[in-house]
Amino acid sequence: MHSTTDTIIIYTEIFIYLLIVLGIGVYFSRKNLNSSDYFLGGNKIPGWVLAFSERATAESAYMFLGAVGFIYLVGLSGIWLLSGMFFGIVFSWVFLAKRFMNERKKYNVNTLPDYFAVKYPKHGKIIRALSALIMGTFSLFYIAGQFSGTGKTLYSISGIDITIGTIVVAAIVIAYSCMGGFMSVVWTDAIQSFLMVLTFIIVPITAFIEIQNNDLSITASLASMGNGADKWLGGLSGLALGAMLLTNFSWFFGFLGGQPQLSTRFMAMRNEKELRTGRWVAIIWTIIVYFGAFLVGIFGSVLYDQSIVQDAEMILPFMVNTLLPPWVTGIVISAILSAIMSTASSQLLVVTTSVSEDMVHRTFGIKMSERKIVRLSRITTIIAGLLGIMISLLSESFVGGVVSFAWAGMGNTFSVVVLLTFFWKKTSGVGVIATIITGFFSAIIWTLSPLEAIVSAKAGTFFLCLIVGIIVSLMYPDKREDGDNKVFA
């Protein structure tokens, strides 16, 4: 345990970090932002910054708490969870990012729901409203999951009441997101992304040194855990092996364009040169962080028996608090908070754009000046943040469970819509509507059913949506105009 002096050092560093991100929000709040700046950065953000932002936003509390905790529990087979996510990231940057950038410029849209609406103009209002409603709803669960992660992290290192920790950090996230919109969120993400890389370099190296100093055997420790922890396939075979691989690899599907908080980073790219820079930054960042996260989980299981760490999702904060000197601990805890805050702020923007841009401005057709749109967006951000806090404090769900549920209901559902829209010309507006509705209900029903214990809703939702989207599009094709049914209206 740390002394009083050590604790002061840790909290001073965390306080400085929180002041920096809040300062970025204040800086951009003083600029004369129009709706394009507030929602998508107005073509003013470099590609490398957008790449850092996309990576920080994607990983969130799940990578630091959920994924590391999962690997800590299952051992070597946890690699398949990271593999699914990694290939999904590479696929999105290589095959989807350029298409998002070009389509945004072609149709002059700021949000994913608006893009779907203009691609299928005959059913545009319904598609935009459904997309905005479902994205906004599931984003609230995402936000709640992140806020929950802040409370648990602060409690694990200091004993600060979870409610107080959640509210304090959430208030800061709401403040800088509200003030600067996309601009402040992306630039704070860049700082947060750097801290995340630093964490997954420092912690595994320190843990490995501790293992060597105590003459521990990694292989023997994993074998003693049982349940196939020392085997890459978890000691499984046949259907059990297939179900395990599919469940872990199913995170792949959520990276295929259906996460609006990630897709907007692609849409905000200025040109192909910036995109190429961003692609390499994102892939290298992911390799470093994922390799580090895997090692943290494995080394944690070697150093600490599962009876010592009651909540597996807290293994990383526990290791940080135990192994590192206070001045490093403060930096790493700030990194964990930064991962959580980056995703929460981006999800707040998803809710904001869903309400102010997609629903009020586009669907309901309420005309407003640029200043009023930005003002409405800020009010929406505050309300969404407060709802996220309420859900977080009322829910007892683990961070991993909440994120996994939202991943299926939003990410995997809209990934199907993106893939069909980009790569299959026979996709129809009715098919898109059917896909969205199927994804919403299947994520809820599958998650609550016994099927979830066999195959994750993330995989089930994706394939159900794909089948429904194809069948309904063939049954109810759009009438074509000038050889293409997808025209701007």
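This is a short chat about the cavities in a predicted model.

Reader: Hi! How many cavities of 30 Å³ or more does the structure hold?
Author: Two. A cavity here is a set of points, on a 1 Å grid over the protein atoms alone, where a 1.4 Å probe fits but cannot get out. The model is predicted, so local features need pLDDT of at least 70 and side-chain atom pairs pLDDT 80 or more, while totals for chains, interfaces and linings use all residues. Residues are numbered from 1 along each chain as its sequence is written, and side-chain values use heavy atoms, without hydrogens and water.

Reader: Cool, how much space lies in the largest cavity?
Author: About 140 Å³, where a volume is the space filled by probe spheres set on the grid points, joined across faces, edges and corners.

Reader: And which residues are closest to its centre?
Author: Of the 18 lining residues (those with an atom within 4 Å of a point), they are P260, T264, L349, V350 and T353.

Reader: Which helix supplies the largest share of that lining?
Author: That is α13, with six residues. Helices are DSSP runs of H or I, at least four residues, numbered from the N terminus.

Reader: Switching topic, what about the second largest cavity?
Author: The second largest cavity holds about 40 Å³ of space. Its lining includes E54, S92, F255 and F266, and α10 gives the most, with three residues.

How values were computed:
On a 1 Å grid over the protein atoms alone, a cavity is a set of points where a 1.4 Å probe fits but cannot get out, and a pocket is an open set with protein on both sides within 12 Å along at least five of seven lines; lining residues have an atom within 4 Å of a point. Helices (H or I, at least four residues) and strands (E, at least two) are DSSP runs, numbered from the N terminus.
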